[in-house]
Amino acid sequence: MSINRGKVVIIGTSNVGSAVLNKIADFQLASEIALIDLDMNRARGEALDTSHAMSSPYCTNIKIHTGTYEDCRDAAFIVITAGPSILPGETPDRLKLASTNTKIMRSIFSEIVKYTKEAMIIMITNPLDVATYVVSTEFDYPREKILGTGTMLETYRFRYLLAEHYDMDPKNIHGYVLGEHGNDAFVAWSTVNCAGLGIDHLDEYFHFKEKLDRHDIEQGIIQAAYDVINLKGFTNTGIAMVACRFIKAILFNEHTILPCAAVMKGEYGIKDVALSIPRMISQDGIVRSFEVHLTDDEMAKLQNAQKSVRAALDGAGVK
């Protein structure tokens, strides 16, 4: 069966899945969206609610419906959001979800591979790096077609925090947060640039007497997720935007470079985990990874991220 380039399957329609659905519809990135969930009533409700919105003059027609795994057969994209998340008041560490969500990912992917090895897989389920590693290494599926959203969301949060500090447009800020999607994410400050002004002289340009506290910014990135969880009960809007960014990059064959999670193939001497480093994304998925030059301190942080994710994999019994 040929691929329907406009078809997206979303697996999991709770807070994150519903946000992904609505952002895809808002940005008109699909002609058909199929929703799969253990709670089919919820999936049906989400499909109806968003379908009603398609009557707006601001929208083009998108077919939105509940589905089964057979819908994966001709899908261009499969977005996986299923599985429990960190709840308000719980220990702020995504890696504690490893054992439960590893089993869920195996169950889901066992169904997907019955119908396709052609669709682009957008992984969102946490712990993201663990989930991405499991489906990439335990199933006969092209690895270049499996993209973990990784530290793209932390990168967005970094841009926001730095832009707030200097009262500037966050889109002027370029650079990466790398490593683990979680507590061991780190800013690769050596890659950061602001509208060509560099990073080391921003305090001078903006006439700040005190130097930017980089540690404070880094802590703010990690804390941001838990602030949102504790305030509204969950995070969903930011990660939905990230998912759409990857879909757009693939759909329009952008060859853009974004931080995303995938199994490391020896970059920086790391092979046994999935982590986020800059990767080029096109219609073929991940076409190139970049071993950007990192400082000794940044390398140490990347190695800490590797140890953290590997420990979670070991704890979940993943080789």
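The following exercises, with worked solutions, concern a predicted model.

**Exercise 1. Overall form**

Decide which radius of gyration a compact globule of 319 residues would have, and compare the protein with it.

Solution.
- Step 1. For 319 residues, the value for a compact globule is near 20 Å.
- Step 2. The protein has a radius of gyration of 19 Å, which agrees with that value.
- Step 3. The C-alpha trace spans about 60 × 50 × 40 Å along the principal axes.
- Step 4. In secondary structure, the protein has 9 helices and 11 strands.
- Step 5. Of the 319 residues, 53% count as buried.
- Step 6. Among contacts with a separation of 6 or more, 70% are between residues 24 or more positions apart.

**Exercise 2. Helix 1 and helix 8**

Describe how helix 1 and helix 8 are placed relative to each other, and list the residues that meet.

Solution.
- Step 1. Two packed helices are described by the distance between their axes and the angle between those axes.
- Step 2. Helix 1 covers residues 15-26 and helix 8 covers residues 237-251; their axes come within 8 Å and cross at roughly 50 degrees.
- Step 3. Angles from 35 to 65 degrees fall outside the parallel and perpendicular classes, and helix 1 and helix 8 are therefore oblique to each other.
- Step 4. The crossing of helix 1 with helix 8 is right-handed.
- Step 5. Helix 1 contributes Val16, Ala19, Val20, Lys23 and Ile24. From helix 8 they meet Thr237, Ile239, Ala240, Met241, Ala243, Cys244 and Ile247.
- Step 6. By class, the residues of this contact are 10 nonpolar, 1 polar and 1 charged.

**Exercise 3. Helix 4 and its partner helix 3**

Determine how many of the 11 residues of helix 4 are buried, then describe the contact of helix 3 with helix 4.

Solution.
- Step 1. A residue counts as buried when its relative accessible area is under 20%.
- Step 2. In helix 4 (residues 128-138), 9 of the 11 residues are buried, so the helix is largely enclosed by the rest of the structure.
- Step 3. The buried residues are Leu128, Asp129, Val130, Ala131, Thr132, Tyr133, Val134, Val135 and Ser136.
- Step 4. Helix 3 (residues 98-112) has an axis that comes within 9 Å of the axis of helix 4, and the two cross at roughly 40 degrees.
- Step 5. This angle makes helix 3 oblique to helix 4, and the crossing is right-handed.
- Step 6. On the helix 3 side, the contact is made by Ala98, Thr102, Met105, Arg106 and Phe109. On the helix 4 side, Val130, Ala131, Val134, Val135 and Glu138 take part.
- Step 7. The contact of helix 3 with helix 4 has 7 nonpolar, 1 polar and 2 charged residues.

**Exercise 4. Backbone features in loops**

Locate the cis peptide bond at Pro127 and the positive phi values of His255 and Tyr268.

Solution.
- Step 1. The cis peptide bond joins Asn126 and Pro127, with omega about -5 degrees.
- Step 2. Pro127 lies in the loop between strand 5 (120-123) and helix 4.
- Step 3. His255 is not a glycine, yet its phi is positive, near 55 degrees. The residue is in the loop between helix 8 and strand 9 (256-263).
- Step 4. Tyr268, also not a glycine, has a positive phi of about 60 degrees. Its place is the loop between strand 9 and strand 10 (274-282).
- Step 5. His255 is partly exposed, at 39% relative accessible area, whereas Tyr268 counts as buried at 14%.

**Exercise 5. Surroundings of Val8 and Met264**

For Val8 and Met264, state the element, the burial and the contacts beyond four places in sequence.

Solution.
- Step 1. Val8 lies in strand 1 (residues 4-11), and at 0% relative accessibility Val8 counts as buried.
- Step 2. Beyond its neighbours within four places, Val8 is in contact with Ile24, Ala30, Glu32, Ile33, Ala34, Phe77 and Val79.
- Step 3. Met264 belongs to the loop between strand 9 and strand 10, and is buried with a relative accessible area of 2%.
- Step 4. With the same neighbours left aside, Met264 is in contact with Ile270, Lys271, Val273, Ala274, Leu275, Ile277 and Arg279.
- Step 5. From C-alpha to C-alpha, Met264 and Gln306 are 9.8 Å apart, with their positions 42 residues apart in sequence.

Notes. Residues are numbered from 1 along each chain as its sequence is written. This is a predicted model: local features need pLDDT of at least 70, side-chain atom pairs count only at pLDDT 80 or more; totals for chains, interfaces and linings use all residues. Side-chain values use heavy atoms; hydrogens and water are left out. Buried means under 20% relative accessible area, exposed over 50%, partly exposed in between (1.4 Å probe, protein chains only). Helices (H or I, at least four residues) and strands (E, at least two) are DSSP runs, numbered from the N terminus. Axes are lines fitted to C-alpha atoms, for helices over the stretch in contact, and angles run from 0 to 180 degrees between N-to-C directions. Angles under 35 degrees count as roughly parallel, over 145 as roughly antiparallel, 65 to 115 as roughly perpendicular and the rest as oblique. A crossing is left-handed if the near helix is turned anticlockwise from the far one by less than a right angle, and right-handed if clockwise. Contact means heavy atoms within 4.5 Å. Ala, Val, Leu, Ile, Met, Phe, Trp, Tyr, Cys and Pro count as nonpolar, Asp, Glu, Lys and Arg as charged, and the others, Gly among them, as polar. The radius of gyration is taken over C-alpha atoms; the globule rule is 2.2 Å times the number of residues to the power 0.38.
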